[in-house]
Amino acid sequence: MKTYRKELWLDLPARRAFVNITGEVERCLRESGIREGLLLCNAMHITASVFVNDAEEGLHADFERWLEELAPEKPHSRYRHNVGEDNGDAHLKRTIMGREAVVAVTEGRLDFGPWEQIFYGEFDGRRRKRVLVKIIGE
Amino acid sequence: MKTYRKELWLDLPARRAFVNITGEVERCLRESGIREGLLLCNAMHITASVFVNDAEEGLHADFERWLEELAPEKPHSRYRHNVGEDNGDAHLKRTIMGREAVVAVTEGRLDFGPWEQIFYGEFDGRRRKRVLVKIIGE
Amino acid sequence: MKTYRKELWLDLPARRAFVNITGEVERCLRESGIREGLLLCNAMHITASVFVNDAEEGLHADFERWLEELAPEKPHSRYRHNVGEDNGDAHLKRTIMGREAVVAVTEGRLDFGPWEQIFYGEFDGRRRKRVLVKIIGE
């Protein structure tokens, strides 16, 4: 069995953003030399997400508006978590979008359907944060 | 290490539906010959889900009504994704229900609690779509 | 390849609660002797969750209030699942919070970011329920 591990660093200038990380994850997979197995990709922070969906800007605008409806950022006093913090909403938004994606590795490639892409979802940005890529297989 | 891969095809006549795929996933596991490991089951489409819950029709009716409350299909103009599309809601519904389930394989069986069953959730049907089953172990 | 399996039992006196199980999962990992691989931790019940987030009481109070907004417990007649049952809401709450976490194992440790902790989320307690820990690797 082979294993591979890499951290991807991001530092986004906005509080909230979606970033397509599919290319970077594919680079990790090539670097690993693993042909068959499972790949885990997860946010290492609890106010960020990794999820699989469509690379389409209108959809990302819909996600932003919808998440603000389900878990509004303001007023910050809305959240008991916000004592000396202002990111209570980010923990809830990340819960909706998910922490991680597990992807099959087949013949050395991410075994995706036609539109599947991996995104990093940032809900409390403006600082350096990490995504973990762990691959096991052979 | 052994690996196994199979695509399950579905073609549902309704826009939205839940289908119990536990039996098909169990058949994959038997076919794989894997006794100990992990099984990944994921929708290969971004408007569909794979999730674990109860095989109970009342609950599925509750899911349908609840998802329509959280992310209504109509008016289609509600979603910026719906430019030449009408499935913006399906991307959000699938996000709530989840893309994938990872299931432990123990002694050649899905290592489930008493009521756990695997479902395919369709949110934009009336065409052929796929679920991926990938198993690794030995 | 090595595999490891353990059930963690919980019996919570309240209908709803969050319990930090990180220490118990770490004990499983040490017991397994596995140094590199993947760890699956999932609720074996469909009215409970396993998720990764912050060990902060204010946040847990926010989760409780937010889940009650998104999927209120009462009136019980609100859910078609509640025929001879009263836990329709618990199935929906667990869907939001998630069934499982998959965690990378690196150098014999849970490969977590600085604030990541694993929680059991109970939404229909007052009876014995189980969490499964399955680890594969070497």
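**Notebook: chain contacts and salt bridges**

I noted first that only 20% of the interface residues of chain C are also interface residues in chain A, so the copies meet through different surfaces. I am working from a predicted model.

**Entry: symmetry**

I looked up how the chains relate to one another. A turn of 120 degrees with a shift of 0.0 Å along the axis lays chain A on chain B, at an RMSD of 0.0 Å. I wrote this down as the relation of a three-fold axis. I then asked which residue of chain A comes closest to the rotation axis. It is A:Ile96, with its C-alpha at 3.6 Å.

I repeated the check on chain C and chain A. Chain C superposes on chain A by a rotation of 120 degrees and 0.0 Å of shift along the axis, with RMSD 0.0 Å. In chain C the C-alpha nearest the axis belongs to C:Ile96, again 3.6 Å from it.

**Entry: chain A against chain B**

I counted contacts next. On the chain A side 35 residues are in contact with 27 residues of chain B. The two chains bury about 2,600 Å² between them, and 59% of that is on carbon and sulfur atoms. I asked which residues of chain A lose the most area to chain B. They are A:Leu38, A:Asp62 and A:Trp66, together 21% of what that side buries.

I then went through the polar side of this interface. The rule finds 15 residue pairs in polar contact between chain A and chain B and 4 salt bridges. I looked at the pair B:Lys134 and A:Glu36, a salt bridge with its closest N and O atoms 2.6 Å apart.

For the elements involved, I listed those that give two or more residues to the side of chain A that touches chain B: strands S3 (37–43), S4 (48–53), S5 (100–106) and S8 (128–137), and helices H2 (57–70) and H3 (88–97). H2(A) supplies the largest share, 9 residues. By residue type, I have 19 nonpolar, 6 polar and 10 charged on that side.

**Entry: salt bridges within and between chains**

I took the count over all chains, which comes to 60 salt bridges. One I followed is A:Arg15 with A:Asp86, where the closest N and O atoms are 3.6 Å apart. A:Arg15 sits in the loop between strand S1 (2–11) and strand S2 (17–20) of chain A, and A:Asp86 in the loop between H2 and H3, so the pair ties together parts that are 71 residues apart in sequence. I asked whether A:Arg15 is buried or exposed. A:Arg15 is buried, because its relative accessible area is 10%, whereas A:Asp86, at 30%, counts as partly exposed. Both belong to a network of salt bridges that links A:Arg15, A:Arg16, A:Glu64, A:Glu68, A:Glu73, A:Asp86, A:Asp89 and A:Lys93.

I next followed C:Arg99 and B:Glu116, whose side chains meet in a salt bridge at 2.7 Å, N to O. This pair crosses between chains: C:Arg99 is in the loop between helix H3 (88–97) and strand S5 (100–106) of chain C, and B:Glu116 is in the loop between strand S6 (109–110) and strand S7 (117–122) of chain B. I found both C:Arg99 and B:Glu116 buried.

My last pair was C:Asp124 and C:Arg127, in a salt bridge at 2.8 Å, N to O. C:Asp124 is buried, with a relative accessible area of 7%. C:Arg127 counts as partly exposed, at 37% relative accessibility.

Key
Residues are numbered from 1 along each chain as its sequence is written. Chains are lettered from A and ligands numbered from 1 in the order in which they are written. This is a predicted model: local features need pLDDT of at least 70, side-chain atom pairs count only at pLDDT 80 or more; totals for chains, interfaces and linings use all residues. Side-chain values use heavy atoms; hydrogens and water are left out. Copies are superposed by least squares on the C-alpha atoms of residues with pLDDT of at least 70 in both. Contact means heavy atoms within 4.5 Å. Buried area is the accessible area (1.4 Å probe) that two parts lose on being put together, summed over both. A polar contact is a pair of N or O atoms within 3.5 Å; within protein, one must be able to donate a hydrogen and the other to accept it, and residues adjacent in sequence count only if both atoms are side-chain atoms. Helices (H or I, at least four residues) and strands (E, at least two) are DSSP runs, numbered from the N terminus. Ala, Val, Leu, Ile, Met, Phe, Trp, Tyr, Cys and Pro count as nonpolar, Asp, Glu, Lys and Arg as charged, and the others, Gly among them, as polar. Buried means under 20% relative accessible area, exposed over 50%, partly exposed in between (1.4 Å probe, protein chains only).
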